[in-house]
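Let's take a look at a protein chain together. Have the sequence and the 3D view ready, and follow along as you read.

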Amino acid sequence: NNDSTQKQQQQQQQQQQHVGGEHVIGASGDFITAPEVSELFGESLLVWLITQYQTLGNPSKIQLIEIGPGKGTLICDILRSALTTFPDFASALTSSHGVGSGGEGETKKVAVGVHLVEVTDGMRARQKESLQKLEAEKSIMDKGFSFRFDDSEYGENDLDSSLADDKEQNDEQTEQKNTISINWHDLLSCIPTHDSETGEPIPTFIICQELLDALPIHSFQKIEGGQWRERLVDVAVRDKEEESNEMTNIKLAAGRRRKKYSDAESSDDNTDSSSTSQEKVVKKLPRLRFVLPPDTTPALRTLLRVNGSGYPLENNPTAQALNALPTGSVVEACPEGLLLVQDIADRIEKCNGGAALLIDYGEDGASSRDTMRGFWRHTQVHPLSRPGEVDVTADVDFAALRESVNQRIGLEESLKRKHFTNEGQVPPSSTKIEKDKPLNRPEAFGPVSQGQFLASMGIVQRVEKQIEADSTTDEQAYELYSALERLLAPDQMGERYKVLAIARKKEGIFPPAGF
């Protein structure tokens, strides 16, 4: 009937929105992130960014990048605070040239401004909507700032024509001085690093909040005998006994379920009766399960450095630790996360300065347990249940991220030594190789707990000041205190979440603020 059809259409629409990321974050989604708790979080991150901006000598042109911006809440909070409180930082984000200014149909990629790395159209639309609301806020309008949107749904770095028409009606002088370019990209590498007119590198500031936990992982498990195997995903199928007993009734009982598989782990008793067989088929649903293969996989041999039988190689520096783990232990690796932080460090160096913050939940080192889990409507569920609808996540190994950035210097030294050896030459001293390295390269610092980091950025003092303000109501004061407690308390977000920084040492000596 019409009601049934309409309900099915609504369910399909909700599933499409979930897969597109539109309804994953927030009270009605699967989880709530720190920016959704309070704008104090974004303000605190901006305080740190300002310290790094000042370390660079307040450059006149910068770019601000967020990778995985979610609903756009965090970037809006950062921009709101910057545009109303830190005029130099805000002015450095403005650009009087860029897309559409190349002449003769040529478009230029804008380096200065705000860049959002987002792959789903649904989330891009939510981010754009949030930024448009921010642009319309009185505090932003009073400061004379406006946004120029480069909407990539019309192609990478192609300006939305409808927004372009609206912007043309604005005062040209205001646009040249106070317009911030907002750009979307599929990849971090798509964002230009140099000014399109002067060719000068543009200092880059990067935020990556609760993205790393969503990147794909490889999961390895220790089995009897001290060998290792990679955990894989398989489809559960019926066993031979069940299949034999149900063969004559499967078509009648399954009907439209002919593409579905039964539960291999079911302990139902077998029977020849048609009604019982039908009930068994109806109850059985297709499902995914974790399995251990009989042999090693390329990922296992490469990432965990084991031989073809699954035993750690002799030259594996982690061999002793792997051998000491009990049977059943699980070790996880996230190659994409390691590559991402290396790309960020390379970008900071290429842009001749900048800094990055990465915030997520995890530990300062790998655990020996399975941390992959699923969340659906704020409830923890099996990560393989409801494929495409459950938010699947795993703890972040911050030590691996830190070392993937910092150990590259040591790797370069070993490669140089190997080069000299291969050429039949005597390798120079470590001091000589050290002198040949680029001075003050970007390094990874931390992690520190989110509570410690936010406290060092003065979040407690700002909350106290707001609560003591005459204009703050009792209800607002309670909300401020509750948000602060949730962000800082060790039993909530304060300890579970960690913050990692990638930056250069100030004057080559001092680590960045908060670390």
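Among contacts in the chain between residues at least 6 apart in sequence, what percentage join residues at least 24 apart? The answer is 77%. Keep in mind that this is a predicted model.

## The big picture

The chain is built from 20 helices and 17 strands. It has 515 residues, and 44% of them are buried. As for the outside, about 26,600 Å² is exposed, with carbon and sulfur atoms supplying 48% of that area.

## Inside the cores

In soluble globular proteins, nonpolar side chains tend to be buried together. Here, the largest nonpolar core holds 55 residues, and L79, L131, F147, I182, L357 and F453 have the most contacts inside it. Helix α3 (residues 40-55) gives this core its largest share, eight residues. There's also a second, separate core of 25 residues, with L211, L340, A356 and L401 among them.

Try zooming in on L79. If you skip its neighbours within four places in sequence, L79 is in contact with L64, L93, V114, L131, L134 and F147.

## Salt bridges

How many salt bridges does the count come to? It comes to 18. One of them joins the side chains of D77 and R80, at 2.9 Å from N to O. These two sit three residues apart in helix α4 (residues 73-85), so about one helical turn separates them. D77 counts as buried because its relative accessible area is 8%, which is under the 20% cut-off.

Next, find D234 and R289, a salt bridge whose closest N and O atoms are 3.7 Å apart. This pair ties together distant parts of the chain: D234 belongs to strand β8 (residues 232-235) and R289 to strand β9 (residues 288-291), 55 residues apart. Both are partly exposed, D234 at 32% relative accessibility and R289 at 23%.

A third pair is E389 and R386, with 3.1 Å between the closest N and O atoms. Buried or exposed: which word fits E389? With 18% relative accessibility, E389 counts as buried, while R386 is partly exposed at 39%. Elsewhere, salt bridges that share partners link E363, R369, R373, D395 and R496 into one network.

## A proline in a loop

Finally, look for P326 in the loop between α14 (319-324) and β10 (330-333). P326 counts as exposed because its relative accessibility is 53%, and the cut-off is over 50%. Its C-alpha atom is 9.1 Å from that of S368, although the two residues are 42 apart along the chain.

How values were computed:
Residues are numbered from 1 along each chain as its sequence is written. This is a predicted model: local features need pLDDT of at least 70, side-chain atom pairs count only at pLDDT 80 or more; totals for chains, interfaces and linings use all residues. Side-chain values use heavy atoms; hydrogens and water are left out. Helices (H or I, at least four residues) and strands (E, at least two) are DSSP runs, numbered from the N terminus. Buried means under 20% relative accessible area, exposed over 50%, partly exposed in between (1.4 Å probe, protein chains only). A nonpolar core is a set of buried Ala, Val, Leu, Ile, Met, Phe, Trp, Tyr and Cys residues joined through side-chain atoms within 4.5 Å. Contact means heavy atoms within 4.5 Å. Accessible areas come from the Shrake-Rupley method with a 1.4 Å probe; for residues, only the protein chains shown count as cover. A salt bridge is a side-chain nitrogen of Lys or Arg within 4 Å of a carboxyl oxygen of Asp or Glu.
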